[in-house]
Every structure is written in structure tokens, then in C-alpha cells.
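Trainee: I should be grateful for a close look at a single part of this model. Please take the second largest pocket and set it beside the other surfaces of the protein.

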Amino acid sequence: MTNSPVLVWFRKDLRISDNPALHAAAQMKKPILPVYVLDDENAKDWRLGSASRWWLLRALHALNKKLDGNLLILSGKADDVIPQLVATHNITHVYWNRCYEPWRTARDTKIKSALTQSGATVQTFQASLLWEPWEILKSDQTPYRVFTPFYRKGCLPHSEPRAPLPAPPSLEFFQATQGLSTSQLEKKLLPQPLQPRWDIKMEPYWESGEDGAAKQLEKFLLHGLKNYKDGRNFPNEEYVSRLSPYLQMGEISPHQVWHAAKHAGLELKSERDLDHFHSELGWREFSYYLLYHFPTLPTEPFNARFNDFPWADPDPKILKAWQMGQTGYPIVDAGMRELYETGYMHNRVRMIVGSFLVKHLLIHWHHGENWFWDKLVDADLASNSASWQWVAGCGADAAPYFRIFNPILQGEKFDPNGDYVRRWVPEVAHLSNNVIHKPWESSNPPAAYPAPIVDHDKGRARALNAFQQLKDAA
DNA sequence: TGCCTGTTCGA
DNA sequence: CGAACAGGC
């Protein structure tokens, strides 16, 4: 029994630095059995989307390399797979880092109690959130529903995020049975049949794994943090961190990002930018917090008044035009094409395309949520559902429904030289700056580019009218 | 992290 | 006649 391994179950923490479960296991002085379980059955509706599966494949390869090829990758229900492994190898200690999606907490609770009953020691750790959702409550012991007091009164005074842990200096591994081979894993994760490979387009835009995350963080701290607060609004400039996909898969931890940014921000004497960047990590916390306390967040309007909102019957052609970047509004189409091509969209543009879908097109936010879930490399159940609810006006601390982005003005304001639009919508590249965000006004309108699928004034009026019906009903 | 419209005020 | 501002959606 003395050389029975410690099982470290990797989930959304695909890294070896600042990994508390791995760190604790390494201190046991026992061989380590690192495991990843591809657990689609438990995920049901929130089975990973295509872009996430592509990202996961690369992240697993990178993690396996860090673990000297010892990562055991299995497929099946974790409720079965993990206890079976524990029984087969007489494992006495099982460590993992906590997850917060409702389906994962339910699953983990079940597994933990089964393992504990059979005599194993299970320890779980905090690794992907800076503050545990159950520790941040208002004085009346109910959860916050508004971001600013959540962050400023709840989180910040509660505790300074702990310092990141180093990677274990050396690891001794337990030789287990074979898991999935590379080709078996690819078969499970990538679209079948393999042609056409939609995902392959994303390859040149991203470096995977913990090392890719560290490089991206370093790049952001050197070039993006200074002037982050203002610069982050301009999609053609590189002030945003682009760390979201790495955070979502846990190739970097929020603790690492928090402290590295703090160090760099103080060095740069840009406290304003640092505070703003920290607060964006705070929004990520807030999304998980809401999902934890309100598990129906992905499907039900947070604000129940929106239960009867008169969404339009979705016209498949209109929805498709939005998805593929053929709405006739260059800033909207640029964003949707950036997403399809790279698996990512700049945050400012996410708000614009989101507002356009739910307001100008009056299409239910679920359709946007589902498309983003499938196509974003940073698709995250908490952030995705909280953000779609926010943009639709039914979320916690949401933008009021009457706050409707004008896609022309937003383009002119945040892409004043049209560079972002020219990059992703080549049909309008020849237009001058004064018409590039409204090509229909050009004396030489592009032939191959669609006319707006909805007139801005009419779309806006229809959205306000729909909202009015909700108010009248109340 | 909204936009539109109407009003006022100074050129 | 444009900027600045207030109020409503």
C-alpha cells in the first residue's frame, strides 16, 4: 500500500504551476497518477462546443508533455471512471481542484462521497476562482446581485488573492494502464468526419498550453496593460489580454494573472489601468458567483419579468446572416467573422453583435449563447450565460433594455479608421473612413456586400416597442 | 459599458 | 449652427 499512487484528477486546471491539487500531491512523496476524464455524458446540454474541443485537444497534449507523457486520458462518466481507478490501484488519496458549474458540483459531490465511503481520502482545492462563491454574501447572508458592491464590498475586503504556487520541482509518476491514444482522443474531440476541418483555421492564431498562456500574459503586461482602461475599447488595438481561453481551460490561473498584473501595474505606475484590469477578473468571478447561486442562469432569465418577453420567431435565414457575418453592418459582420475565423472576438465587439442580435433582430439570447458556446475558444458556461443575459437586459446588473447600441456609431467611435472592419470585411476595404461603417451611403457601394438586413431606426423602434409591451404587462 | 431629441447658449 | 446638456426610452 505504501507505494499506491495519489490520484490527481485534472479538469479545468490543465497546468502544473499554481496547481494546488498537484502541489499537495507532490508533497505526499508518493507516485502520482494524473488523470483527465472526457466526461461528455454528465455535461449533457453543455457538452463542450467545437472550438472548445479543438482547444482542449491541444491543451491536453501540452499538459501531457509537462507530465512527461504520464497523463492518463480516459473517456466515460467520471462517476464510474474515477472510483474504478481508485479501486483498481488501491488508491488512498484523491486530489482535485474545485469546479463550479452546477453539473460539475453535483457530479463531484457524488464522487467525493462514494470515495470517502470506500475509505479514500479526498481533498479539493481552490484553483480557478479568487473568491469562493459561498464566502461572499451580503450582511443579510443572501448573495449579491449587483457587480460593484459584490466586488468592492464583498470580494476585495474579504481577502487578497493568495500568491501563486510554484510548479513542483520534480514529479514521480505511477505507471498505470493505457488510456486513450492520441488518435482515439482526436477522434473523440474533433468533428467527424474530419473533412472539412472548420477548426484548422484557428491554428495560426493561438499557441496552446501553459507556455502559450505565460507568453500571452507577458505580452499583455508589456504592451497592453499601460492604457488598458481606454485602449481596451478599440478592437483593432492590442490592449486586451486575450487570456480568456487559457483561463477557461486552466492553462493559467486567475491568481497568477492577478499577481503578475499587480506587479507590472505598480511598476508602470498605472494604478488606474491595473484596477480596471483586476475588475475585469472580478467580472469573471461575478459570472461564476451568479451561476453558483442561481444555477438556472444558462437557461432562465435572471430577471423573471423577461419570462414573457415577445421575442421574434427566429427566421433561420436572418440568424444565419448574423452567424456568418452577413448583416450588412460592417462592425457586426467583422466581429462575427473574427469569431468564425479565430475562435475569439474582441470584447467591445461582443457587446455590439450581442445587442444587434437581441435588439435589432429581436432574436432570443439563447441563440446567441448557443452560437458563442460552439464557436468561442473561451466558451465558458458562467461568463457566456451571464454576459448574454447582461446584453439582453434580463441579467444581473444588466444594461437597461433601452440601451441599444447603434452599430454605425459604435463602429465610428471604436474603429474610427475602419482598420478592424477592413481586416475582416474585405468587401468594404476600399471605402473611405466617412462611409466605411455605413457602406450603403457610399457613392460606390460594394457589389458583393449585403444591404442591412434591418434598418437601424426600425430595428431600434421595434425593440423599444417590445420592451414597452413588457412594461405594460407589468 | 447608449442613443435620440429638444433646448439653450454663445459664436 | 455646433456644442453642451437634460430627460426619456
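Mentor: By class, the residues lining the second largest pocket comprise eight nonpolar, eight polar and eight charged. The model is a predicted one, and the description that follows should be read in that light. The second largest pocket holds about 490 Å³ of space. Its lining consists of 24 residues, and Tyr205, Gln216, Lys219, Glu238 and Arg242 are those nearest its centre. Two or more residues of this lining come from each of helix H8 (209–223), helix H14 (330–342) and helix H19 (419–424). The greatest contribution is that of H8, with six residues. Where domains are concerned, domain 2 (129–163 + 211–293) and domain 3 (304–468) each supply at least three residues to the lining of the second largest pocket.

The largest pocket offers a useful companion view. Its volume is about 1400 Å³. It is lined by 49 residues, and Arg232, Glu280, Trp283, Asn347 and Ser387 are the closest to its centre. The elements that give two or more residues to this lining are helix H9 (228–231), helix H10 (244–249), H12, helix H15 (347–360) and helix H17 (381–392). Of these, H12 provides the largest share, nine residues. By class, the lining of the largest pocket divides into 26 nonpolar, twelve polar and eleven charged residues. Because domain 2 (129–163 + 211–293) and domain 3 (304–468) both give residues to this lining, the largest pocket lies between them.

The surface near DNA strand B completes the picture. Here 14 residues surround the strand, and the closest are Arg232, Trp390, Arg403, Ile404 and His456. Arg232 is thus among the residues closest to DNA strand B and also among those closest to the centre of the largest pocket. Of the strand atoms within 4 Å of the protein, 59% belong to sugar or phosphate, and the rest belong to bases. Several side chains approach phosphate oxygens of DNA strand B. For Arg403, an N or O atom of the side chain is 2.5 Å from a phosphate oxygen. A polar side-chain atom of His456 lies 3.0 Å from a phosphate oxygen, and one of Gln410 lies 3.2 Å from a phosphate oxygen. The elements giving two or more residues to this surface are helix H12 (271–293), helix H18 (407–414) and helix H20 (456–473). By class, the surface near DNA strand B has six nonpolar, three polar and five charged residues.

Key:
Residues numbered from 1 in each chain as written. Chains lettered and ligands numbered in written order. Predicted model: local features only at pLDDT ≥ 70, side-chain atom pairs only at ≥ 80, totals over all residues. Heavy atoms only, no water. Near = heavy atom within 4 Å. Polar contact = N/O pair within 3.5 Å; in protein donor to acceptor, adjacent residues only side chain to side chain. Helix = DSSP H or I, 4+ residues; strand = E, 2+ residues; numbered from the N terminus. Nonpolar A, V, L, I, M, F, W, Y, C, P; charged D, E, K, R; others polar. 1 Å grid on protein atoms, 1.4 Å probe; cavity = no way out; pocket = protein on both sides within 12 Å on 5 of 7 lines; lining within 4 Å. Points joined across faces, edges and corners; volume = space filled by probe spheres on them. Domains from an automatic or database assignment.
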